[in-house]
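I opened a fresh page for this one. My plan is to go through the strands, then a helix, and jot down what I find.

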Amino acid sequence: MQTYHININECQDMFQIGEKIVYPMYGAGIVESIEQDFHGTKLEMYYIIQIPKNNLKIRLIANKSEQLGVRAVANKEEFEKALEHVAAKKIVMPENWSLRYKDNLEKLKTGRLDMVTEVVKNLNEREKRKKLSSIEKKLFNTAKQIVLSEIIYSYEIDTEKAEELLANLVLNC
């Protein structure tokens, strides 16, 4: 019988079962379990992440999570600091929709709360002035859902209250 070992040093910075995390482009979720399995010939640790939006389950190699931008859900203070940063930032977007889309998509892919919130703010302002294209509308909704999912976990509130908070802090600025 062959024995496999996992380097314990690789596991020290791991998320724990029950921890609230954010996966870029999907939003906030909870580490439901941690499993060991083979990835090719290498034994790896995997997070099983439950994302409430669309009742999604994601299986992710644990030691790739940092590289993918997975992070802990922001606490209230971090959330408010990110919102203050976004509120103080002047909106600058290209007029060309494809350049604007590319710029906003790159911000969304970072998974950083301030960047995702900036996308929400920018596309909201754009929508107030001019109708968004269907692809930008989809990006706007995705960004809002990602921020909402983090608000729900950060503030431990329901969806309705999270939507009110998002509207007050970002959309009505």
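Entry one: β3. I looked up how much of this strand is covered, keeping in mind that this is a predicted model. Of the ten residues of β3, nine are buried, so the strand is largely enclosed by the rest of the structure. I used under 20% relative accessible area as my cut-off for buried.

Entry two: the neighbours of β3. On one side I found β4, running antiparallel to β3 (residues 42-51) and joined to it by six bridges. I picked out one bridge here: Tyr46 has Ile61 in β4 as its partner. The two strands make a hairpin with four residues between them. In that turn I noted Asn54, with a positive phi of about 60 degrees.

β3 also pairs with β2, again in the antiparallel sense, over nine bridges. Phe38 stands opposite Leu43 in β3. This is a hairpin too, with two residues between the strands, and Gly40 in its turn has a positive phi of about 70 degrees.

Entry three: the whole sheet. In which order do the five strands lie? I read off β4-β3-β2-β1-β5, an open sheet with antiparallel pairing. β4 (56-61) and β5 (71-72) are the edge strands, each pairing on one side only. Then I checked β1 (residues 20-23), which pairs with β2 (residues 27-39) in the antiparallel sense over four bridges. Ile21 has Gly29 in β2 as its bridge partner. I also asked what packs on this sheet, and found α5, which touches β1, β2 and β5. The direction of α5 makes about 95 degrees with that of β2.

Entry four: helix α3. I counted 14 residues in α3 (residues 97-110). From first C-alpha to last it reaches 20 Å, close to the 20 Å expected at 1.5 Å a residue. Which residues of α3 are buried? I got Arg100, Asn104, Leu105, Lys107 and Leu108. Looking down the axis of α3, I saw these buried residues fall within an arc of 160 degrees, so they line one face of the helix. A reminder to myself: an α-helix has 3.6 residues a turn, so residues three or four places apart point the same way.

What covers the buried residues of α3? The cover includes α4 (113-129) and α5 (134-155). So α5 turns up twice in my notes, by α3 and on the sheet. Last jotting: α3 is followed by Gly111, which has a positive phi, near 75 degrees.

Definitions and conventions. Residues are numbered from 1 along each chain as its sequence is written. This is a predicted model: local features need pLDDT of at least 70, side-chain atom pairs count only at pLDDT 80 or more; totals for chains, interfaces and linings use all residues. Side-chain values use heavy atoms; hydrogens and water are left out. The expected span of a helix is 1.5 Å times one less than its number of residues. Buried means under 20% relative accessible area, exposed over 50%, partly exposed in between (1.4 Å probe, protein chains only). The arc is that of the directions from the helix axis to the C-beta atoms. Contact means heavy atoms within 4.5 Å. Two strands pair if DSSP finds at least two bridges between them. Axes are lines fitted to C-alpha atoms, for helices over the stretch in contact, and angles run from 0 to 180 degrees between N-to-C directions.
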